[in-house]
Amino acid sequence: MKQENTRIAVTETLMELASKDPEIVLVCSDSLLVIKAKPYVDKYPQRFIDVGIAEQNAVCCAAGLASCGLIPFVATYAGFITMRACEQVRTFVAYPGLNVKMIGANGGIAAGEREGVTHQFFEDLGILRTIPGITIVVPADAGQVREAVKAVAYTAGPAYIRIGSGRDPVVFEKPLRFELGKVRILREQGTDVALFANGFILPRVLAAAEELSLQGIQATVVEVHTLKPLDVETITEVLSKTGAAVTAEDHNIIGGLGSALAEVIAEHRPVPLVRVGLRDIYPRSGRPEKLLDYYNMGVSDIVAAARKAIQKKAKR
Amino acid sequence: MSDRIKELTETARLVRQDVVRMIHLAGDGHPGPSLSVVDILTALYFGTMRIDPKNPKWPERDRCILSKGHACPALYAILARLGFFSLDELPGLRSLESMLQGHPDMNKTPGIDTTSGSLGNGISIGLGMALAGRIKNRKYYTYVITGDGELEEGVVWEAMMAAKHYRLGRLITIIDNNEMQSGGPVDKISGLYPLLPKLQAFGWHCQEIDGHSFVEILDSIKQAQAEEERPSVILAHTVKGQGVPFMIGDNSWHKRVPTEGELKEAIRALGGDR
């Protein structure tokens with residue numbers, strides 16, 4: 001599968017923004033090489049700040065920068081922002097609503113670069129989702145990361161974008177328009193079941209939809225790239241049509257897309273739901289595709305989940 | 001005593017009265033740590049900082065971060081006396097309708113530069129503000145007021161390393177060194193002391209002063225401003241509960257509400273209604 005590096009996508013987009021906007025600042029915590037930011041640093045040394053291996057300091061520093069009118073992007077590994085510096089994110093960025101943009105690399109177990117649990121981050125979205133006031137974006141590939149970076153840069157307030165390992169599959173061959181806060185319906189071939197997904201697992205979901213189609217089951221595929229604010233209206237419309245739902249995400253089964261959908265389903269449109277994701281356990285090191293298969297996020301798992309959801313629908 | 005020092009002394013006396021009254025009315029708050037920092041804040045806001053109460057968000061203004069956010073009654077009283085908002089707001093402290101939150105909120109209270117209250121983060125936010133001044137080519141100073149107990153937080157030293165690295169001469173930290181924290185004396189709880197050699201080792205411009213002497217506070221700030229290559233720290237020795245004798249040496253006043261009788265006694269000790 002063709003790949004494009006989501007980290008380079010961030011840096012290149014920041015350079016593009018910085019060339020037009022003197023307010024753009026990049027803040028790293030010795031993560032310069034993680035996001036391949038050398039070209040940015042060479043071009044905009046005055047607007048690059050490296051606080052050292054100190055994520056809490058990076059986040060507070062960004063809060064200080066933002067409170068003086070700048071637009072800081074803090075970029076490092078997803079877990080070091082959302083866990084090590086969680087309270088700084090909550091109290092000093094989200095609570096005052098400051099214009100700090102956070103970029104979290106290695107989002108999900110597949111993006112963990114075979115480093116093991118310390119560098120596989122599958123709790124980031126759940127943690128941030130419980131904090132009021134943060135826009136959360138989970139783009140599917142590098143092209144969408146570019147769009148997401150531009151979109152959050154000029155949407156006031158805190159935002160988080162989840163990116164990958166650098167070996168990230170290309171999902172969309174052509175650039176697609178990105179609308180923050182709206183879901184994207186990728187495939188609407190029938191109303192048997194809706195498959196909701198986001199991030200780098202999306203190609204698997206599309207493959208599962210193909211497979212289901214061969215089995216005579218027509219699935220609608222919905223990309224929920226903006227996890228917060230959630231497009232409840234469109235999601236509810238889709239649920240009304242399909243009457244059954246599956247979520248697929250490279251995240252712990254608790255707190256992420258599956259939980260968000262469960263909340264919408266319970267309150268707005270009760271339908272059977274089957275969630276595909278990491279089943280509340282710690283994964284191992286491994287090659288990304290193998291890992292996803294091993295931890296029940298394979299195409300066959302998504303297909304099985306869809307059949308199960310449809311079965312539950314029939315029993316109602 | 002010069003007229004200027006006399007004025008500051010009188011302002012601080014009134015602010016201390018405000019503090020005990022506010023906490024009495026609110027039925028909640030931290031009198032001890034508010035009283036120890038009054039002279040430092042008064043010297044800054046009435047004697048040093050370039051600010052405009054009519055334009056609280058003036059981009060060129062000096063910034064002040066009260067990292068020890070629980071001492072906010074002192075800051076609120078000062079901001080009200082400067083005209084950022086009405087003195088009538090002070091009795092509302094910590095009540096649902098009030099602009100005066102239990103800990104400072106930069107969006108609710110005019111004149112508050114930074115939301116604070118979670119300890120240890122002030123220097124790090126100050127780092128960002130001072131860097132922003134450099135990036136935007138503005139000449140303001142960033143002042144950070146911390147307690148000594150909160151220096152036990154790791155992020156403090158992360159920020160000190162970075163501020164030294166970036167040679168932030170316009171970042172000035174004042175430590176309200178009252179030697180007490182919530183659970184008791186600092187030296188009974190941690191290995192923080194001796195503090196001065198630690199600050200020196202982190203490469204900051206260091207001074208040690210009496211935090212209740214306006215002459216020393218103002219002079220040390222002047223010297224800190226003159227240092228352009230290094231961030232500055234002023235270790236200001238203070239007394240928790242300063243001005244109210246029955247609160248001094250009794251750490252229950254870290255967070256405690258004076259009764260009607262205690263309030264009267266405190267106001268009397270603070271010179272009553274002159």
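These legends go with a set of close-up views of a predicted two-chain model.

A few notes on reading them: residues are numbered from 1 along each chain as its sequence is written, while chains are lettered from A and ligands numbered from 1 in the order in which they are written. Since this is a predicted model, local features need pLDDT of at least 70 and side-chain atom pairs count only at pLDDT 80 or more, but totals for chains, interfaces and linings use all residues.

**View 1. Where chain B meets chain A.** Here 23 residues of chain B are in contact with 26 residues of chain A (contact: C-beta atoms, placed from the backbone, within 7 Å). On the chain B side, helix H5 (122-135) and helix H6 (154-165) each supply at least two residues; helices here are DSSP runs of H or I with at least four residues, strands are E runs of at least two, and both are numbered from the N terminus. H5(B) gives the largest share, 10 residues. Sorted by class, this side of chain B has 12 nonpolar, 9 polar and 2 charged residues (nonpolar: Ala, Val, Leu, Ile, Met, Phe, Trp, Tyr, Cys and Pro; charged: Asp, Glu, Lys and Arg; polar: the others, Gly among them).

**View 2. The mixed sheet of chain A.** Seven strands line up as E2-E1-E3-E4-E6-E5-E10 in an open sheet with mixed pairing; strands pair if DSSP finds at least two bridges between them. E2 (48-50) and E10 (226-228) of chain A are the edge strands, each pairing on one side only. Neighbouring strands are turned by 20 degrees against each other on average, direction ignored. Look at E1 (24-28) of chain A beside E2(A): they pair in the parallel sense over 3 bridges, and A:Leu26 sits opposite A:Phe48.

**View 3. The parallel sheet of chain B.** This open sheet has 5 strands in the order E1-E2-E3-E7-E6, with parallel pairing. E1 (63-66) and E6 (205-210) of chain B each have a single partner strand, so one side of each is left without a neighbour in the sheet. In the middle of the view, 6 bridges join E2 (142-147) to E3 (171-177) of chain B, with B:Val144 opposite B:Thr173. Helix H9 (214-226) of chain B packs on the sheet, touching E3, E6 and E7 (232-237), and makes about 170 degrees with the direction of E6(B). Angles run from 0 to 180 degrees between N-to-C directions, and axes are lines fitted to C-alpha atoms, for helices over the stretch in contact.

**View 4. Two helices of chain B packed together.** H1 (3-26) and H10 (260-269) of chain B pack at about 175 degrees, with axes 9 Å apart. That makes them roughly antiparallel (over 145 degrees). B:Gln17, B:Val20, B:Arg21 and B:His24 of H1(B) meet B:Leu263, B:Ala266 and B:Ile267 of H10(B).

**View 5. A histidine in a loop of chain B.** B:His30 is found in the loop between H1 and H2 (31-36) of chain B. Buried or exposed? B:His30 is buried, with 24 other C-beta atoms within 10 Å (buried means 20 or more, exposed 12 or fewer, partly exposed in between; C-beta atoms are placed from the backbone). Not counting residues up to four places away in sequence, B:His30 touches B:His70, B:Ala71, B:His254 and B:Lys255.

Key:
Parallel < 35°, antiparallel > 145°, perpendicular 65-115°, else oblique.
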